[in-house]
Amino acid sequence: MKAYLSIFLLSAALTAYMWRDTFDPESVRGTRVLITGASSGIGEQMAYHYSKFGAQIIITARRLEALKKVAQKCVKLGAKKIMYMTGDMSDPADPERVVKYAVEKLGGLDFLVLNHVGNTNVELWNRDADHVRSIMQVNFVSYVQMTGAALPVLEKSAGSIIVISSLAGKLASPLVAPYTSTKFAMNGFFGALQSELAIQKSNVSVSIMILGMIDTESAMNKLRGHNTFTAYPASEAALSIIKAGATRQKEAFYPWFHYFTCLINNIFPFVKDLMLVGLSTEKKD
């Protein structure tokens, strides 16, 4: 019994040490940041937090008027510099164009924050391969394109790539097969890139952020009638992302307990199957 208690206490102490908050807001002041998907939701909230920390920011998304409103608020919150440009990540030419614009306007880059996401329905897969192909361009291929374009600049600044992923990229999730496939691809690619950069002794860090349910307007609208899980604040998620990138964490979770969600799934994968059986039984009733 004492041995089990010792193991538990040691594990608790190790976990507390690993997750201690070492973030220094001054480490972000004046840095050059490009944020995608920043017209609303988590990207918008990240822009506000970076502004409070005094960063130089370029925000991009498809909706020009929404970007203008976000930029105006960033000025009030204290951004050292704020600019915006529209970009459609379904267009293969736009990802590199956006990076080039950011580098030209900021004179370099310290943080590349990849947050944009394509539109997909919450439903059983309807065998539409074209949709899978198109959302893969937005959610995954464009991330790879922007990373490739930004890496030479980030090497010069010892910068960071922050990739916004999802619990759906760790646990294969029903009703969002196209979406979850893009997140698995993202986790696989950027996890491999972390190792390749380490082999090359690169000074560029890659942080993969695994998010649970977040209370963005778009997520809540899509999941209405499908979701019974608690949604967590986008502003808190955004701050967690910034901290993970600034402290160069390889992988971080928000909410924090989803680390254990993934751990339990890896050890006991049948638990998810039991939950799905329960869900299908409820629908029949």
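## A look at His116, Leu171 and Trp256

In this predicted model, the backbone oxygen of Val138 sits 3.1 Å from a polar atom of the His116 side chain. That same side chain of His116 also makes a polar contact with the side chain of Thr36, at 2.8 Å. A polar contact here is a pair of N or O atoms within 3.5 Å; within protein, one must be able to donate a hydrogen and the other to accept it, and residues adjacent in sequence count only if both atoms are side-chain atoms.

A word on the ground rules. Residues are numbered from 1 along each chain as its sequence is written, and side-chain values use heavy atoms, with hydrogens and water left out. Because the model is predicted, local features need pLDDT of at least 70 and side-chain atom pairs count only at pLDDT 80 or more, while totals for chains, interfaces and linings use all residues.

Zooming out, the chain has 10 helices and seven strands. These are DSSP runs numbered from the N terminus: helices are H or I with at least four residues, strands are E with at least two. Of the 285 residues, 43% are buried. Buried means under 20% relative accessible area, exposed over 50%, and partly exposed in between, using a 1.4 Å probe and protein chains only.

Here's where three loop residues stand:

| Residue | Loop between | Relative accessible area |
|---|---|---|
| His116 | β4 (111–114) and α5 (129–157) | 7%, buried |
| Leu171 | β5 (160–166) and α6 (177–199) | 15%, buried |
| Trp256 | β7 (251–254) and α9 (258–267) | 54%, exposed |

So who keeps His116 company? Not counting residues up to four places away in sequence, His116 touches Thr36, Gly37, Met89, Val138, Ser142, Tyr143 and Met146, where contact means heavy atoms within 4.5 Å. Leu171, with the same kind of neighbours set aside, is in contact with Thr180, Phe184, Thr261, Cys262 and Asn265. Leu171 and Pro269 are 98 residues apart in sequence, yet their C-alpha atoms are 9.4 Å apart in space. Across the chain, among contacts between residues at least 6 apart in sequence, 69% join residues at least 24 apart.

Now for the outside. The chain exposes about 15300 Å², with carbon and sulfur atoms supplying 59% of it; such areas come from the Shrake-Rupley method with a 1.4 Å probe.
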